[in-house]
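Thanks, everyone, for making the time. I would like to walk you through one structure this morning, going from its sheets to its side-chain pairs.

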Amino acid sequence: MLLDEKPSVCVMGLGYIGLPTAAVIARSGCPVLGVDVMAGVVDTINSGKIHIEEVDLEGLVQGVVSRGNLRASLKTEPADVFVIAVPTPFEDAHVPDINYVMDAATNVAAVLKTGNIVILESTSPVGTTEKVRDLIAKLRPDLKVPGLTNEIPDIAIAYCPERVLPGKILEELTNNDRCIGGITPRCARKALGFYRRFVRGECVTTSARAAEMTKLVENSYRDVNIAFANELSIVADKMELDVWEVIRLANRHPRVNILRPGPGVGGHCIAVDPWFIIHSAPDDTPLIRIAREVNDGKTGHVLEQASLMIDELPAVPVACFGLAFKANIDDFRESPALKIAAKLARRYGSRIKIVEPYASELPAAFDGTGAELIDIDTALENCPVIITLTDHDMFKSIPLDERAGKVVYDTRGIWPDQPDNVQVVGDLRLAS
Ligand code: SAJ
């Protein structure tokens, strides 16, 4: 396809990745159909609104919908390019579940035509793109599919993982480099031509399997490094050292860059994707597995430390600052902050107050606990004890004098300047 021809695009799945991707492609001038299984999501998008929170996304969706470049449907329709961006959760035993991918591929297969490009973006175990190819070959014996024909294939199939950071999705969708893995080099070239329409970052081609592994490796790398920081925080606690100071000092070394300890790793990516590698090679992944265990274990550690602290104190209100899984977003999925706060609420009932500027009401996990959602000012006025669980900028900017005299358990290290009357016990900051 030539550059001045705008391919029609069908994006399968309108979640945290699919919707921004569909909107950015539509902004580049391509007619885009977004397909989702939820009727409510389809209606919301067709009315120019969005069902998720992401910086600048609402305005963009409103614009492309009103210009007629983006519409949503429950039904897959013929298009030039198909982008599959559906979830790949895992089952209880950490077994990756690619059923949504296969369902989407089944729907795509039904409308495929010669010349089409099918791209999988969902984080997937190595080999999934080949499984998609095999499924298409089975459902559409009339089409010559790549890797299974000696002739020029009728369609191209590629894997191109998303790499965007929640809170910066639109910026990163355009500016990040992309790694494009084709079932064959020809497939990769076809997909590359498509991504170049809306990606400013460098687009690098490889095989589908290498691209699948690259995505898993990126998130596992981060998980392993966060685990190191979390392990250090527990060791420092035992040694009665301030872990934040130790990390600050160590990071002055030109080749050391230790990440930040916290209450555990949340979200739907970093805490999940390492399991895809572990599942594929259980005997060869002791480091990746133990990192996962360390990060999950840190949530339990913080809960126990917080409980010890609360048990030592008179029956005063305790403010938990933050429920989101990371700073400055409203995403509570797999959030260690939410897990800890909800468990504290079950243990200590109405003593627990929640401060979460990104929530308008408490999530269901707090039902029947007696815990209450309050604003920052009320917490600073009424709660002598604070546990920081999310590093929102709004919390970081609370000046020293407003926190003076409080008992603070700063699990995120957001207030390194906490006054002298606060004694540091490892990652536990207690009033002396
Ligand atoms: N965290 C720490 N300490 C740190 C950094 C993060 O405890 O020093 C915690 C966060 O608080 C959060 C979790 O880790 O609970 C994950 O946050 P994150 O900001 O590291 O990553 P995500 O899950 O928002 O997005 C990641 C990104 N991957 C990498 O940075 C390698 C993003 O680029 C991916 O696109 C995304 O996963 C994804 O969709 O896979």
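Before the first angle comes up, a word on how it is defined: axes are lines fitted to C-alpha atoms, for helices over the stretch in contact, and the angles run from 0 to 180 degrees between N-to-C directions. Please also keep in mind throughout that this is a predicted model.

With that definition in hand, take helix α8, which lies across β6, β7 (178-182) and β8, and which runs at about 115 degrees to β8. Those strands belong to an open sheet of eight strands with mixed pairing, in the order β3-β2-β1-β4-β5-β6-β7-β8. At the edges of this sheet stand β3 (70-73) and β8 (203-207), and because each has a single partner strand, one side of each is left without a neighbour in the sheet. From one strand to the next, the twist averages 25 degrees. Within the sheet, strand β5 (residues 117-120) pairs with β6 in the parallel sense, over four bridges, and there Leu-120 stands opposite Tyr-159 in β6.

Leu-120 also brings us to helix α5 (residues 128-139), where Thr-128 is found. If we set aside residues up to four places away in sequence, Thr-128 touches Ile-98, Val-101, Leu-120 and Glu-212. Is Thr-128 buried or exposed? Its relative accessibility is 2%, so Thr-128 counts as buried.

Let me stay with α5 and turn to charges, for which a search of the whole structure finds 17 salt bridges. In one of them, Glu-130 is paired with Arg-209, and the closest N and O atoms are 3.3 Å apart. Since Glu-130 lies in helix α5 and Arg-209 in helix α8 (residues 208-238), this pair ties together parts that are 79 residues apart in sequence. Both partners fall in the intermediate class: Glu-130 counts as partly exposed at 27% relative accessibility, and Arg-209 counts as partly exposed at 43%.

Helix α8 supplies a partner for another salt bridge, between Arg-163 and Glu-218, with the closest N and O atoms 2.4 Å apart. Here Arg-163 sits in the loop between β6 (156-159) and α6 (169-175), whereas Glu-218 is in helix α8, so that distant parts of the chain, 55 residues apart, are linked. For Arg-163 the relative accessibility is 26%, which counts as partly exposed, and for Glu-218 it is 26% as well, again partly exposed.

A further salt bridge joins Lys-353 and Glu-372, whose closest N and O atoms are 3.2 Å apart. This one links strand β10 (residues 352-355), which holds Lys-353, to strand β11 (residues 372-373), which holds Glu-372, the two residues being 19 residues apart. With a relative accessible area of 15%, Lys-353 is buried, whereas Glu-372, at 39%, is partly exposed. Elsewhere, salt bridges that share partners join Lys-144, Glu-151 and Asp-154 into one network.

Strands β10 and β11 take us to another sheet, an open one in which five strands follow the order β11-β10-β9-β12-β13, with parallel pairing. Its edges are β11 and β13 (407-410), and as each has a single partner strand, one side of each is left without a neighbour in the sheet. Between β10 and β11 the parallel pairing runs over two bridges, and the bridge partner of Ile-354 is Leu-373 in β11. Helix α11 (residues 286-312) packs on this sheet, touching β9, β10, β12 (385-388) and β13, and its direction makes about 175 degrees with that of β13.

I will finish with the aromatic side chains, where a search of the whole structure finds five aromatic pairs. Why is the pair of Phe-194 and Phe-198 called edge-to-face? The ring centres are 5.4 Å apart and the planes stand at 70 degrees, and an angle over 60 degrees is classed as edge-to-face. Phe-194 counts as buried at 2% relative accessibility, and Phe-198 counts as buried at 8%. By comparison, Phe-321 and Phe-395 form a tilted pair, at 4.8 Å centre to centre and with 55 degrees between the planes. That pair links strand β9 (residues 318-321), home of Phe-321, with helix α14 (residues 393-396), home of Phe-395, across 74 residues, and both Phe-321 and Phe-395 are buried. Finally, Phe-194, Tyr-195 and Phe-198 form one aromatic cluster, and Arg-333 lies over the face of Tyr-16, at 4.0 Å from the ring centre.

Technical notes
Residues numbered from 1 in each chain as written. Predicted model: local features only at pLDDT ≥ 70, side-chain atom pairs only at ≥ 80, totals over all residues. Heavy atoms only, no water. Phe/Tyr/Trp six-rings, centres within 6.5 Å; stacked < 30°, edge-to-face > 60°. Buried < 20%, exposed > 50% of the residue type's maximum accessible area, 1.4 Å probe, protein only. Lys NZ or Arg CZ within 6 Å of the ring centre and 35° of its normal. Contact = heavy atoms within 4.5 Å. Salt bridge = Lys/Arg side-chain N within 4 Å of Asp/Glu carboxyl O. Pairing = 2+ DSSP bridges.
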